[in-house]
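Here is a quick tour for anyone meeting this structure for the first time. Take a look at it, then read on.

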Amino acid sequence: MKTSLRRLITALAVSLVASASAQPIQVNNAGLEIAETRYFLNADFRLDLTAPLLEALNNGVSLGFLVEFQLTRPRWYWFDEKTASEKLELRLSYLPLAQQYRLSSGTLYQNFPTLAEALEALGRVHGWPVLGQDQVDNGRAYIAAVRLRLDPAQLPTPFRVSAVTNREWTLTSDWKRFRFTPLAPVQEAR
């Protein structure tokens with residue numbers, strides 16, 4: 001009796017650790033860089049599609065993703081001040097006649113021969129303008145946050161219920177938070 005109870009507890013612990021570490025989308029790194037008067041976000045995500053999402057994609061359902069960016073200024077006397085917030089919509093679809101995957105953002109798109117290449121491109125967000133230099137104060141500390149998630153609102157209507165009720169249709173990363181202190185760009189002497 002004790003050994004079977006011990007085995008059950010061990011099996012539950014192993015499954016909990018495995019499910020906790022198996023995050024479908026992971027943020028590998030994120031940062032902001034300045035070019036002229038804008039700040040650009042560079043972030044790398046690693047994502048895996050669950051079996052139901054992969055099946056839906058290969059059967060012609062387009063998957064919409066959102067990259068969300070937030071910038072807040074911490075305040076000790078009140079709630080943090082929300083300085084900026086941006087969203088980037090991406091759509092992943094499969095083209096059965098061409099046997100290619102398509103990643104699109106607005107009217108721009110790119111085709112990939114394999115799903116692995118399409119997911120790698122989806123997870124690489126570089127040079128996305130998220131902030132104007134006039135929106136932040138130089139030398140003041142801010143907290144930037146970014147995440148990538150499957151957007152249920154972009155799914156066809158019959159799949160929206162599944163996206164809300166089924167964990168395998170919920171695909172999101174944790175917020176990756178990092179400190180950001182803008183500095184004035186060095187100007188050349190005249």
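Glu120 is exposed, its relative accessible area being 52%. In this predicted model, the Glu120 side chain pairs up with that of Arg124 in a salt bridge, 3.4 Å from N to O. Arg124 itself is partly exposed, at 43% relative accessibility.

Glu120 sits in helix α3, on the side where Ala116 is exposed too. What about the buried residues of α3? They are Leu115, Ala118, Leu119, Ala121 and Leu122. Looking down the helix axis, you'd find these buried residues within an arc of 160°, so they line one face of α3.

Back to salt bridges: the count comes to eight. Here are three of them:

| Salt bridge | N to O distance |
|---|---|
| Arg73 and Glu81 | 2.5 Å |
| Arg124 and Glu120 | 3.4 Å |
| Arg149 and Asp151 | 3.9 Å |

Arg73 counts as buried, with 15% relative accessibility, while its partner Glu81 is partly exposed at 29%. Arg149 and Asp151 are both buried. Through shared salt-bridge partners, these two belong to one network along with Glu68, Lys87 and Arg147.

How far can you trust the picture? The protein has a mean pLDDT of 83, and 83% of its residues reach 70 or more. Among the elements, helix α3 (residues 115–122) has the highest mean pLDDT, 96, and helix α1 (residues 2–21) the lowest, 41. Across residues 3–22 the pLDDT stays below 50, and this stretch has one contact in the model beyond near neighbours in sequence. Where pLDDT is low, don't read the predicted coordinates in detail.

Conventions
Residues numbered from 1 in each chain as written. Predicted model: local features only at pLDDT ≥ 70, side-chain atom pairs only at ≥ 80, totals over all residues. Heavy atoms only, no water. pLDDT = per-residue confidence, 0-100. Helix = DSSP H or I, 4+ residues; strand = E, 2+ residues; numbered from the N terminus. Contact = heavy atoms within 4.5 Å. Buried < 20%, exposed > 50% of the residue type's maximum accessible area, 1.4 Å probe, protein only. Arc of directions from axis to C-beta. Salt bridge = Lys/Arg side-chain N within 4 Å of Asp/Glu carboxyl O.
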